[in-house]
Amino acid sequence: MADLAEILMIEHLAIKKSKWIVEKPYENEAFVNFYSYVKQCHIEVEEKVCFPIMEAYAFPDSKQFNQRVERIKADHKLIDTLAANMIKWNEQGNESLVAERVPLFYRLLVDHNASEETDLLPRWDKIQSAEVKSSVKDALSIIESFGVKKYINATCLNESTFNYIFRAP
Ligand SMILES: [Fe+2]
Ligand SMILES: [Fe+2]
């Protein structure tokens with residue numbers, strides 16, 4: 001079983017490699033599917049499982065650290081607003097505006113994930129708590145409610161790899 005920080009790093013790599021977002025013309029269904037994974041699964045695991053454990057831990061600089069977590073959560077809101085606008089503009093037939101904002105959306109998301117990997121995730125293995133032990137199981141239940149097949153599609157993981165990461169003892 002991988003640990004939760006490693007799982008999020010693998011997901012970041014999958015997101016970074018989803019270059020079709022910028023390389024192909026905007027396709028609403030593909031974008032909605034991709035963004036529903038990002039929002040309902042990736043960000044949900046970060047905000048409901050990973051960040052609360054990190055924020056509750058007494059790091060020597062926890063006040064500063066928790067401010068960093070708040071900034072990261074503010075990025076999630078910004079990314080969500082942009083994605084919702086893109087979907088709305090597409091519905092309204094404003095395709096040129098959507099096409100113009102696609103590179104911004106991709107860059108915001110990839111840069112955001114990079115800052116999580118620099119500022120937050122390296123601390124994960126410093127935390128000793130019962131919640132860390134159950135965190136992968138908690139992430140798995142979010143993934144299961146999102147849909148394991150959809151998760152595997154979005155991340156390009158092999159099914160055996162998925163089982164090894166999440167279900168191996
Ligand atoms: Fe995030
Ligand atoms: Fe992330």
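The following exchange between a biologist and a modeller concerns a predicted model.

Biologist: Which residues of helix α8 are buried?

Modeller: In this predicted model, helix α8 spans residues 159–167, and on one side of α8 the residues Ser160 and Tyr164 are exposed. The buried residues fall within an arc of 80° when seen down the axis of α8, so they line one face of the helix. The residues that count as buried in α8 are Phe162, Ile165 and Phe166.

Biologist: Against which helices do the buried residues of α8 pack?

Modeller: One link can be followed from Ile143, which lies in helix α6 and is in contact with Phe162 and Phe166, among others. Taken together, the buried residues of α8 pack against α1 (4–16), α6 (130–146) and α7 (148–155).

Biologist: At the start of α8, a side-chain oxygen of Asn158 reaches the backbone nitrogen of which residue, and to within what distance?

Modeller: The backbone nitrogen belongs to Ser160, a residue that is exposed on the side of α8 away from its buried residues. The side-chain oxygen of Asn158 reaches to within 2.8 Å of that nitrogen of Ser160.

Biologist: Is Ile143 buried or exposed, and what is its relative accessible area?

Modeller: Leaving aside neighbours within four places in sequence, Ile143 of helix α6 is in contact with Cys41, Val148, Tyr151, Phe162 and Phe166. The C-alpha atom of Ile143 is separated by 8.6 Å from that of Gln40, although the two residues are 103 residues apart along the chain. Since buried means under 20% relative accessible area, Ile143 counts as buried, with a value of 1%.

Biologist: Which helices are included in what covers the buried residues of α7?

Modeller: The buried residues of α7 are Tyr151, Ile152, Ala154 and Thr155. They cover an arc of only 165° around the axis, which puts them on the same side of α7, whereas the face turned away from that buried side carries the exposed residues Lys149 and Asn153. What covers the buried residues of α7 includes α1, α3, α6 and α8.

Biologist: What phi does Cys156 have, and where is it placed?

Modeller: Most residues other than glycine have a negative phi. Cys156 is not a glycine, yet its phi is positive, and at 69% relative accessibility this residue counts as exposed. Cys156 sits just after α7, in the loop between α7 and α8, and its phi is about 65°.

Biologist: How many residues line the largest pocket, and how do they divide by character?

Modeller: About 260 Å³ of space lies in this pocket, and of its 14 lining residues the closest to the centre are Asn33, Phe34, Lys150, Asn153 and Ala154. At least two residues of the lining come from each of α3 (28–56) and α7. The lining divides into seven nonpolar, five polar and two charged residues.

Biologist: With which residues is His12 in contact, leaving aside its neighbours within four places in sequence?

Modeller: His12 lies in helix α1 and, at 4% relative accessibility, counts as buried. With those neighbours left aside, its contacts are His42, Glu46, Asn113, Glu116, Glu117 and Leu121.

Biologist: Which residues is Asp61 in contact with, its neighbours within four places in sequence left aside?

Modeller: Asp61 is found in the loop between α3 and α4 (62–91), and its relative accessible area of 23% makes it partly exposed. Beyond those neighbours, Asp61 is in contact with Arg68 and Arg123.

Definitions and conventions: Residues are numbered from 1 along each chain as its sequence is written. Chains are lettered from A and ligands numbered from 1 in the order in which they are written. This is a predicted model: local features need pLDDT of at least 70, side-chain atom pairs count only at pLDDT 80 or more; totals for chains, interfaces and linings use all residues. Side-chain values use heavy atoms; hydrogens and water are left out. Buried means under 20% relative accessible area, exposed over 50%, partly exposed in between (1.4 Å probe, protein chains only). The arc is that of the directions from the helix axis to the C-beta atoms. Contact means heavy atoms within 4.5 Å. A polar contact is a pair of N or O atoms within 3.5 Å; within protein, one must be able to donate a hydrogen and the other to accept it, and residues adjacent in sequence count only if both atoms are side-chain atoms. On a 1 Å grid over the protein atoms alone, a cavity is a set of points where a 1.4 Å probe fits but cannot get out, and a pocket is an open set with protein on both sides within 12 Å along at least five of seven lines; lining residues have an atom within 4 Å of a point. Grid points are joined across faces, edges and corners, and a volume is the space filled by probe spheres set on the points. Ala, Val, Leu, Ile, Met, Phe, Trp, Tyr, Cys and Pro count as nonpolar, Asp, Glu, Lys and Arg as charged, and the others, Gly among them, as polar.
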